[in-house]
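Work through the exercises below with the model open. Each task is followed by its solution in steps.

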Amino acid sequence: MAAGIVASRRLRDLLTRRLTGSNYPGLSISLRLTGSSAQEEASGVALGEAPDHSYESLRVTSAQKHVLHVQLNRPNKRNAMNKVFWREMVECFNKISRDADCRAVVISGAGKMFTAGVDLMDMASDILQPKGDDVARISWYLRDIITRCQETFNVIEKCPKPVIAAVHGGCIGGGVDLVTACDIRYCAQDAFFQVKEVDVGLAADVGTLQRLPKVIGNQSLVNELAFTARKMMADEALGSGLVSRVFPDKEVMLDAALALAAEISSKSPVAVQSTKVNLLYSRDHSVAESLNYVASWNMSMLQTQDLVKSVQATTENKKLKSVTFSKL
């Protein structure tokens with residue numbers, strides 16, 4: 001035991017010398033000040049309705065410190081995705097990406113289900129009566145609509161803050177496009193997932209066919225779901241890797257999703273957001289390219305004071321949740 005204590009002290013002294021040496025000018029001061037009131041920042045985030053987030057189709061609340069809860073909020077329409085939704089999600093997540101106080105996000109659906117997918121009645125005029133006086137112009141018009149709808153979920157994936165989908169009831173059509181753009185997926189036991197597009201005469205075009213194969217890693221199953229529009233129930237979703245956990249009901253699931261978001265938000269935002277960026281890059285590139293990318297990335301990110309604070313907490317046997325990290 002004594003030898004272990006001595007070794008621990010030696011390790012701590014070595015780390016302290018390294019972190020305060022000539023390669024890290026100025027950090028000896030930050031080590032002494034870590035945890036002091038001079039270095040800590042109060043979040044100033046009140047729980048409840050999130051300021052600067054006022055929408056028709058969404059409700060955004062400050063669920064916990066550094067955690068935002070985004071609800072699809074058309075419960076009387078089963079959270080169907082109308083024209084307003086496609087625009088507001090882009091606005092919402094662009095704001096979240098720039099929000100230095102936010103470190104994690106939970107997305108859920110109000111009412112009896114997550115979402116019924118695209119609101120076909122609301123979108124019908126654009127899709128069935130597109131503008132243009134010849135095939136080329138009509139095609140350009142439709143392409144513009146499709147790419148703008150794609151951006152609605154691209155912004156979730158591009159948001160540097162981890163996004164957790166919490167699904168209950170139906171997750172249909174565009175709902176699958178949405179959750180596959182999220183980083184983590186939880187669901188309630190009553191949840192089901194349905195790639196519904198073939199039943200309405202079209203191919204899914206805003207992310208499912210591109211992301212779902214990468215999420216579950218089973219092309220045969222993806223093809224089956226996409227060709228048949230059959231329902232994938234919660235247990236199958238867990239077994240296939242679409243979700244990481246299943247909960248008995250919506251309330252328990254939401255509690256767990258928010259607890260997970262709180263856990264993530266307690267970590268260094270530099271570390272967490274850097275991890276998300278590099279995970280996404282690695283998904284679409286070779287191992288060699290991804291290693292080169294993370295080396296270039298970390299040659300600057302390793303200079304963060306978050307590293308100093310985390311190492312100090314570890315060597316002093318303090319909980320990392322006690323460390324205060326600056327906004328990012």
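**Exercise 1.** Find the residue of strand 4 that stands opposite Val70, then place both strands in their sheet.

Solution. Val70 faces Ile107 of strand 4. Strands here are DSSP runs of E with at least two residues, and helices are runs of H or I with at least four, both numbered from the N terminus. The model is predicted: local features need pLDDT of at least 70, side-chain atom pairs count only at pLDDT 80 or more, and totals for chains, interfaces and linings use all residues. Residues are numbered from 1 along each chain as its sequence is written, and side-chain values use heavy atoms, with hydrogens and water left out.

Next, strand 3 (residues 67–72) and strand 4 (residues 104–109) run parallel and are joined by six bridges; pairing requires at least two bridges found by DSSP.

Finally, the open sheet has seven strands in the order 1-2-3-4-5-7-10, with mixed pairing. Strand 1 (48–49) and strand 10 (245–247) each have a single partner strand, so one side of each lacks a neighbour in the sheet.

**Exercise 2.** Which residues does Phe93 contact, leaving aside its neighbours within four places in sequence?

Solution. With contact taken as heavy atoms within 4.5 Å, the partners of Phe93 are Val70, Val105, Ile107, Val155, Ile156, Cys159 and Val163.

**Exercise 3.** What follows helix 7 (residues 208–216), and which of the helices pack against its buried residues?

Solution. Gly217 comes after helix 7, with a positive phi near 65°. The buried residues (under 20% relative accessible area, 1.4 Å probe, protein chains only) are Thr208, Arg211, Leu212, Pro213 and Ile216. These pack against helix 5 (135–158), helix 6 (174–180), helix 8 (219–228) and helix 9 (234–240).

Conventions: Buried < 20%, exposed > 50% of the residue type's maximum accessible area, 1.4 Å probe, protein only.
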